[in-house]
Amino acid sequence: MDFKDFGRLDRPPCRYQLKKAMTARHPFKRNMVIRMKGEHQAQAFSLYELCIVVAIIGLLCSMAVRGYAKAREATQREVCVENLEKIHAMKVVWAIEHEAGDGRQPSLADLEPFFGGERFPICPAGGTYVIGKVKDPPSCSAGHKLESFTYSL
Ligand SMILES: [Zn+2]
């Protein structure tokens, strides 16, 4: 195929036809690279572009995972503090009902009836609760604390 044959084609010549015509005309330039835009051009990412896309996706994923972990931790802390508030309130109710002093320490079995059939609260982060004396705030082994602790009998 030569350049003059291109006129007989019903569509523009593809890369291979063009290369064949070029090498027929210039046989000493066999390794020339022909770049053309058209239907025969392969649309592909280069390795460099692919690496950038993968790096960006990785960065976004790491940010999302970190944000999710922080949100989860904050929610667990909130739920645990709420549980500690409930436990403290039930301790006070128990102390009033049993006319117990603030130095007494109710057991888990003592407090369970005050939860109205619900099970005793569980720390969502897997911590265990120490009920403690009536005058002390209950504590969680996972490090959650009652921030604003007020005690009055
Ligand atoms: Zn906790």
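Where does Glu99 lie? In this predicted model, Glu99 is placed in the loop between α2 and α3 (108–111). The phi of Glu99 is near 50°, a positive value in a residue other than glycine. Most residues other than glycine have a negative phi. Glu99 follows α2. Glu99 counts as exposed because 8 C-beta neighbours fall inside 10 Å, and the exposed class takes in residues with 12 or fewer.

The overall fold was examined next. Three helices and two strands make up the secondary structure of the chain. Read from the N terminus, the order is α-α-α-β-β. The chain has 153 residues, and 10% of them count as buried. Contacts between residues at least 6 apart in sequence were also surveyed; 52% of these join residues at least 24 apart.

Helix α2 comprises 51 residues. From first C-alpha to last, α2 reaches 74 Å, close to the 75 Å expected at 1.5 Å a residue. The buried residues of α2 are Cys80, Asn83, Leu84, Ile87, His88, Met90, Lys91 and Ala95. Their cover includes α3, β1 (129–130) and β2 (139–140).

Asn83 sits within α2, which spans residues 47–97. Asn83 counts as buried because it has 21 C-beta neighbours inside 10 Å, and 20 or more suffice for that class. Beyond its neighbours within four places in sequence, Asn83 is in contact with Pro121 and Cys123. Asn83 and Cys123 are 40 residues apart in sequence. In space, their C-alpha atoms are 7.5 Å apart.

The nonpolar residues were then considered. In soluble globular proteins, nonpolar side chains tend to be buried together. Here, the largest nonpolar core has seven residues. Its members are Cys80, Leu84, Ile87, Met90, Tyr129, Ile131 and Cys140. Helix α2 supplies the largest share of this core, four residues.

Cys140 belongs to this core. Once neighbours within four places in sequence are set aside, Cys140 is in contact with Cys80, Leu84, Cys123, Gly127 and Tyr129. Among these partners, Cys80 and Leu84 are buried residues of α2. Cys123, another partner of Cys140, is also in contact with Asn83.

Technical notes: Residues are numbered from 1 along each chain as its sequence is written. This is a predicted model: local features need pLDDT of at least 70, side-chain atom pairs count only at pLDDT 80 or more; totals for chains, interfaces and linings use all residues. Two residues are in contact if their C-beta atoms, placed from the backbone, lie within 7 Å. A nonpolar core is a set of buried Ala, Val, Leu, Ile, Met, Phe, Trp, Tyr and Cys residues joined through C-beta atoms within 7 Å. The expected span of a helix is 1.5 Å times one less than its number of residues.
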